[in-house]
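Student: I should like a close look at a single part of this model, followed by its surroundings. Please take one strand and its pairing as the point of departure.

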Amino acid sequence: MTDATAIETRELAKRYKETIALAGLTMTVPRGEVFGFLGPNGAGKTTAVKLLLGLARPTGGQGVVLGAPLGDLAARRRIGYLPELFRYQSWLRAREVLAAHCELAGVPSDRWAGQISSVLELVGLTDRAGDRVGSFSKGMQQRLGIAVALLGDPEVVFLDEPTSALDPVGRADVRALIHHLREHGVTVFLNSHLLGEVERVCDRVAIVDRGRVIVEGRIDELLGSRSVRIRVTEFDGKAEASLGRFGPLTIEGDWLTIRPVEAESVPDIVATIVAGGGRVHAVEPGRATLEDRFLALLQIEEALEAAKS
Ligand SMILES: Nc1ncnc2c1ncn2[C@@H]1O[C@H](COP(=O)(O)OP(=O)(O)O)[C@@H](O)[C@H]1O
Ligand SMILES: [Mg+2]
């Protein structure tokens with residue numbers, strides 16, 4: 001554990017009677033990283049966050065957040081948290097919700113006004129500060145929840161399913177906010193069952209299933225190679241000879257596929273086809289998605305289990 005580490009766990013585990021909610025989580029999240037903790041419902045994501053925040057006690061293993069043992073109160077003040085399911089009293093005004101949380105988070109009272117206006121600005125609710133929460137859309141309530149999590153300039157922020165309840169615009173807003181946090185050096189620990197949603201914002205992810213991490217790594221490594229599919233007519237014979245230098249080529253009807261391919265060479269590929277008399281009708285960049293990877297890994301796991309029994 002160094003100062004460059006935000007979160008570190010060793011064999012962190014939680015069991016509720018017969019249910020193993022988390023089975024031995026070992027991981028390190030460096031400071032400044034956006035870390036995605038992904039997996040289907042019931043995988044153990046919320047449990048992991050509750051353990052890391054000290055809201056639930058582990059039944060095994062250890063963890064350190066910001067250099068302190070789990071649940072340490074001084075460290076807790078440097079941590080922001082958006083719970084998975086939250087509701088603020090509908091009669092409170094947004095500003096009042098934030099003031100109450102400033103108090104709870106131990107923000108010195110002379111800093112409340114500045115903190116409240118800065119988080120409202122960040123989540124785009126400045127002109128709704130005086131409105132009652134009851135009049136807010138789901139998306140606005142979610143943004144208010146994120147504003148609460150950002151009070152007190154936390155160094156690490158836990159967001160549990162921040163985009164699940166949102167429409168596409170709301171999701172894009174949350175992604176932009178996460179980018180903003182990363183630019184400001186904030187470590188973000190993001191729980192999500194929406195794999196496609198987070199692969200665009202995370203530096204690194206762990207995919208969990210039934211309490212176990214089944215794969216962890218940098219997002220670009222997990223997603224693997226890029227490909228390009230091009231629909232071409234009036235280009236024959238010379239295809240393999242002239243395009244082979246860009247990568248392995250397969251041809252199906254009018255479609256050429258090159259995989260793996262460097263994204264930068266796509267214009268040269270098209271130029272080569274056109275120079276050879278070909279007509280280009282479509283160019284589709286392709287890449288495996290996290291969802292594909294996850295489903296493939298699950299199949300491998302199931303096959304291994306079946307082989308054992
Ligand atoms: N307080 C609890 N009591 C009993 N079982 C629980 C409790 N919290 C979570 N679980 C169980 O632990 C497993 C993991 O749950 P959770 O961490 O909420 O998953 P996720 O957030 O990935 O959807 C589930 O099987 C869930 O039913
Ligand atoms: Mg959850």
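**A strand pair and its surroundings**

Tutor: Strand β11 (residues 226-233) pairs with β14 in the antiparallel sense over 8 bridges; strands are DSSP runs of E of at least two residues, helices runs of H or I of at least four, both numbered from the N terminus, and two strands pair if DSSP finds at least two bridges between them. This is a predicted model, in which local features need pLDDT of at least 70, side-chain atom pairs count only at pLDDT 80 or more, and totals for chains, interfaces and linings use all residues. Residues are numbered from 1 along each chain as its sequence is written, while chains are lettered from A and ligands numbered from 1 in the order in which they are written.

Within this pairing, T233 has R279 of β14 as its bridge partner. Strand β14 spans residues 279-287 and lies largely in the open, because the number buried among its 9 residues is 0. A residue is buried if 20 or more other C-beta atoms lie within 10 Å of its own, exposed if 12 or fewer, and partly exposed in between, with C-beta atoms placed from the backbone.

Turning to the interior, the largest nonpolar core has 65 residues, of which A147, F158 and V188 touch the most other members. Helix α5 (residues 138-150) gives the most to this core, with 6 residues. A second, separate core of 10 residues includes V232, L256, V261 and I269. Such a core is a set of buried Ala, Val, Leu, Ile, Met, Phe, Trp, Tyr and Cys residues joined through C-beta atoms within 7 Å.
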